[in-house]
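The exercises below go through one structure, a chain at a time. Try each task before reading its solution.

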Amino acid sequence: MKDKSKVELAVGVFVVAGIAALLMLSLKVSNLSGVSTSDGYSLQADFENVGGLKVRAPVMMAGVRIGEVSKIVLNTQTYEASVMLTLAKQYNQLPKDTSAAIFTSGLLGEQYIALEAGGEEIVLKAGDKIQLSQSAMVLEQVLGQFIFGKASGDE
Amino acid sequence: MMNSLLSWLQHVGQRTMKSAVRMGRGHIFLWHTLMAMGALKKEFSSLIKQLYEVGVLSSQLIVVSGLTVGMVLGLQGYNTLVDFGAEDALGQMVALSLVREMGPVITALLFAGRAGSALTAEIGLMKVTEQIPAMEMMAVDPYKKVIAPRFVAGIISMPFLAAMFSAVGVFGGYLVGVGMLGVDDGAFWSQMSSKVDLYADILNGVIKSVIFGIVAVWIAVYEGFNAVPTTAGVSRATTRTVVHTAFAVLGLDFILTALMFGGA
């Protein structure tokens, strides 16, 4: 009988250790503890060029993650990319003239959307469109401009 | 010329039919096992005992292997990443390789060597010593009494073992990366948690380990149950368990990886 309870104890320890490892993986290793956007609200922003922006890329304001990109489609009327942003519910007081820009974290890092608050009193509601936007910096274009500028400067 | 071609074709046909028969037998065996699952309530103490044999006794091997694999990943990853000044991404690299691939695959291979071979040998020897025919004589269903508890214990153990492997491996990578090589402590964890996704990475890793667990333990109990009841037969069955599990797991891993991570 004593031997049997020892076996049961060992199995109990094994199962608890397995669950603890799974919990550690999901809490510490994954991004579960980030901003929950499941009950958030969405905004739209149009960009001339989104560069390498991907769905689920972070949306930041003043360096704080407040949401993520939920959808990127091409607007066939204006031929601009229209990006749907899902923001967490507690950040629902962004001014109407908030501007959106696509930045890169680090030189070669992933791209994210940075929002900058404006001064209006009216706030953006769910489904509204952000009017001011700045496209992604495409490295090849910048290099091209730089080389072109250099060449024309030499004349 | 014509004759040798014909005999070659005949040989191919023979091999194909043989493997089809084996596959069919394996699936009938799986069906019987699944049908015998209902009796697990009565066999609960036997399930606990098998969890101990299959899971608890394997965990020592899994933890030690996970630690060393994580440490090696930390060391090798650092050497590559430091050339690009990206050694802060070490945590991300170690965690993703462990959770997505190394954890489930290496755990399944070790599981086949540690627990699978033992299951095959045990069931095979039960056949040699005529315990299984004796059970059938007494109208005791060996599927319910012998196979089902071992089968379920293996399937329950595998995801836990793989999770332990990955968690300990991340810790091993942390020891080498942060402790030995001087990667920044905060960057190690923050880069890791910003890039590892709960569903896409961790949940898929768990699904992989469950599938590998089913395959590994299925092969192990099938080979044991169908072993030729002689000394040589049991030894051959044990070898087949380890070899077939390795092939099946590595082949399945490619398919699962292509399905889970290939499209994006």
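Of the 155 residues of chain A, 24% count as buried. The model is a predicted one.

**Exercise 1. State which elements make up chain A and in what order they come.**

Solution.
Step 1. Count the elements: chain A has two helices and eight strands.
Step 2. Read along the sequence: the pattern is α-β-β-β-β-β-β-β-β-α. A helix therefore stands at each end of the pattern, with the strands between.

**Exercise 2. Lay out the sheet of chain A and find its edge strands.**

Solution.
Step 1. Write down the order of the strands: S7-S1-S4-S3-S2-S6-S5-S8 in chain A, forming an open sheet of eight strands with mixed pairing.
Step 2. Look for strands that pair on one side only: these are S7 and S8 (132–134) of chain A, the edge strands.

**Exercise 3. Work out how S1 of chain A pairs with S4 and with S7.**

Solution.
Step 1. Take S4 as the partner. S1 (residues 41–47) and S4 (residues 80–87) of chain A are antiparallel and share seven bridges. In this pairing Phe47(A) lies opposite Ala81(A) of S4(A).
Step 2. Take S7 as the partner. S1(A) and S7 (residues 129–130) of chain A run parallel and are joined by two bridges. Here Ala45(A) faces Ile130(A) of S7(A).
Step 3. Put the steps together: S1(A) is antiparallel to S4(A) and parallel to S7(A).

**Exercise 4. Follow the other end of the sheet, from S2 of chain A through S6 and S5 to S8.**

Solution.
Step 1. Start with S2 (residues 58–61) and S6 (residues 111–116) of chain A: they run parallel, with three bridges. Val59(A) stands opposite Ile113(A) in S6(A).
Step 2. Go on to S5. S5(A) and S6(A) run antiparallel and are linked by six bridges. Ile102(A) has Ile113(A) of S6(A) as its bridge partner.
Step 3. Compare the two residue pairs: Ile113(A) appears opposite Val59(A) and also as the partner of Ile102(A).
Step 4. Finish at the edge. S5 (residues 99–104) of chain A runs parallel to S8(A), and three bridges join them. One facing pair is Ala100(A) and Ser133(A).

**Exercise 5. Describe chain B by its elements, extent and burial.**

Solution.
Step 1. Count the elements: chain B has eight helices and zero strands. From the N terminus on, the pattern is α-α-α-α-α-α-α-α.
Step 2. Take the extent: the C-alpha trace of chain B spans about 65 × 60 × 30 Å along its principal axes.
Step 3. Take the burial: 45% of the 264 residues of chain B count as buried.

**Exercise 6. Decide how H5 of chain B packs against H2 and against H3.**

Solution.
Step 1. For H2 (residues 44–81) and H5 (residues 142–180) of chain B, the angle is about 25 degrees and the axes are 6 Å apart. Angles under 35 degrees count as roughly parallel, so H2(B) and H5(B) are roughly parallel to each other. Their crossing is right-handed. The contact of H2(B) with H5(B) holds 24 nonpolar residues, 16 polar and one charged.
Step 2. For H3 (residues 90–128) of chain B and H5(B), the angle is about 145 degrees, with the axes 7 Å apart. The crossing of H3(B) and H5(B) is also right-handed. In this contact, 20 residues are nonpolar, eight are polar and one is charged.

**Exercise 7. Check the length of H7 of chain B and say how far it is enclosed.**

Solution.
Step 1. At 1.5 Å a residue, the 28 residues of H7 (residues 198–225) of chain B should span 40 Å.
Step 2. The end C-alpha atoms of H7(B) are 39 Å apart, which agrees.
Step 3. Since 20 of the 28 residues of H7(B) are buried, the helix is largely enclosed by the rest of the structure.

**Exercise 8. Place Ile214(B) and Arg240(B) in chain B and classify their exposure.**

Solution.
Step 1. Ile214(B) belongs to H7 of chain B, and Arg240(B) to H8 (residues 231–261) of chain B.
Step 2. Ile214(B) has 15 C-beta neighbours inside 10 Å and so counts as partly exposed. Arg240(B), with 18 other C-beta atoms within 10 Å, is partly exposed. A residue would need 20 or more to be buried.
Step 3. Ile214(B) and Ile156(B) are 58 residues apart along the chain, and their C-alpha atoms are separated by 9.2 Å. Arg240(B) and Gly13(B) are 227 residues apart in sequence and 22 Å apart in space, C-alpha to C-alpha.

Note on methods
Residues numbered from 1 in each chain as written. Chains lettered and ligands numbered in written order. Predicted model: local features only at pLDDT ≥ 70, side-chain atom pairs only at ≥ 80, totals over all residues. Pairing = 2+ DSSP bridges. Helix = DSSP H or I, 4+ residues; strand = E, 2+ residues; numbered from the N terminus. Expected span 1.5 Å × (residues − 1). Buried ≥ 20, exposed ≤ 12 C-beta atoms within 10 Å, placed from the backbone. Axes fitted to C-alpha atoms, helices over the stretch in contact; angles between N-to-C directions. Parallel < 35°, antiparallel > 145°, perpendicular 65-115°, else oblique. Left-handed = near helix turned anticlockwise from the far one by under 90°. Nonpolar A, V, L, I, M, F, W, Y, C, P; charged D, E, K, R; others polar.
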